Amino acid sequence: MHPRWAMLALVSATGMGSWVAAQGPTAGRVPTFTKVILDGAFRAEGVALADVDRDGRIDVLAGNAWYAAPVVAAVTDAAAWKRHEIAPLEPLDAPTGYSNAFHNFSLDVNRDGWPDQVVIGYPGEAATWRVNPGPRGGAWRTLPASSVAGNESPALARLVRGRGPVLVMGTEGEQLSWLTPATSPAAPFDVHPISTPKHPAAHRYAHGLGVGDLDGDGRADVVSTHGYWLAPEEPGDAPWPFTAAKLGPDSAHMAIYDVSGDGMPDIVASSAHQMGVWWFEQQRTGNARTFVKHAIDDSFSQSHALDVGDIDGDGVPDIVTGKRRWAHGPSGDPQPNAPGVLYWFQPRRTPTGVTWTKHLIDDTSGVGNQVVVGDVDGDGRLDVASANKHGVFVFLQR
């Protein structure tokens, strides 16, 4: 397996709640990033990384387009990235409209060895997947994945031991579920429950969802702003045990990892439509599990996407998030027309707690509903990809 494909397999499989380690001797430095504008048009607010054409280079998928990565020597040259249509590129109105791709994921749905595209469209509407035509070329066919996709922060994650990545999102009846490709590629995905029906975390406009090992038993759990579901030993077709907890307010993706270094996983989240980025410190007293909220930053709004990865190579996961442009148009939500900032936040564990240093990556792009951390150019350092109403971007760590 090519090293860059191996890295992306890790990125795609972990999903929110796990983290990707930087490779190589990068600890102790403050990284800089080179911005590459792949497209200046509004194409999507979801983005994914995959070696679409299996040439050993990591490409970018954003809605109805994918962008083929050039040879490494030209990777910072925007003109060297070739755009291909997955579906017709219809004009999108950034101030008042939305795209058909709130989230993109890469998954080999039909198991033919070629990465396909999973598309989560407008909240509550159908999810589909598009068949990579592979070496024969031609059009990408669109097939059903789910008739409903609830929650605005769905995940593709390794949730169940012994299985590959699965989708985690709301399904019919407002039930939070995990979904796997059906035996027949033309059939909708198989649906397995996590929550009971009519759960607020599975509502079409629910905000906040994450996957990761919250209790340290080696099994991935699921968290929402309403509480968490601890994974059973053998997940089947019954809802998982649920514990209510105040893990709000409304947020975007929720990442689960040990922020403080005390051996207990914590939760990191950001505000989809209001202000702030924060983390919940897990504390245990006997069998009682509580979460204490700590602010990370409250200087910008609409941080509707979040991912984690070890940006500086110091062994501690960092946070990448930024401002979504016009989540509710030019006059909705706080600071709707403020600069499109993109940051990475660097935690430092001290005897008195965790401190965070904010590093600006860019101020004319931001995030959409999704931001992805991964090694795009194969140099062992983590890069960032984003698609939103400003365009489609890659930020290469130099």
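In this predicted model, L306 sits across from T321 of β23. That pairing belongs to a neat place to start looking around: strand β22, which covers residues 306-309, runs antiparallel to β23 (residues 318-322), and the two are joined over four bridges. Strand β22 is covered on both of its faces. L306 and V308 point to one side, D307 and G309 to the other, and all of them are buried. That two-sided split fits a general pattern: side chains in a regular strand alternate between the two faces of the sheet.

Another part of the chain holds an open sheet of four strands, in the order β14-β15-β16-β17, with antiparallel pairing. Its edges are β14 (209-212) and β17 (242-244), each of which has a partner on one side only. Going from one strand to its neighbour, the average turn is 20 degrees, leaving direction aside. At the β14 edge, the partner is β15 (residues 221-224), and four bridges link this antiparallel pair. Here G212 faces D221 of β15. In general, strands of a sheet pair through backbone hydrogen bonds.

Now for the whole protein. Its secondary structure amounts to 28 strands and just one helix. With a radius of gyration of 19 Å, close to the 21 Å from the globule rule for 398 residues, the protein is as compact as a globular protein of that length. Its C-alpha atoms take up a box of roughly 60 × 50 × 45 Å along the principal axes. As for burial, 59% of the 398 residues count as buried. The exposed surface comes to about 14,700 Å², with 53% of it supplied by carbon and sulfur atoms. Among contacts with a separation of 6 or more, 53% are between residues 24 or more positions apart.

How values were computed
Residues are numbered from 1 along each chain as its sequence is written. This is a predicted model: local features need pLDDT of at least 70, side-chain atom pairs count only at pLDDT 80 or more; totals for chains, interfaces and linings use all residues. Side-chain values use heavy atoms; hydrogens and water are left out. Two strands pair if DSSP finds at least two bridges between them. Axes are lines fitted to C-alpha atoms, for helices over the stretch in contact, and angles run from 0 to 180 degrees between N-to-C directions. Buried means under 20% relative accessible area, exposed over 50%, partly exposed in between (1.4 Å probe, protein chains only). The radius of gyration is taken over C-alpha atoms; the globule rule is 2.2 Å times the number of residues to the power 0.38. Contact means heavy atoms within 4.5 Å. Accessible areas come from the Shrake-Rupley method with a 1.4 Å probe; for residues, only the protein chains shown count as cover.
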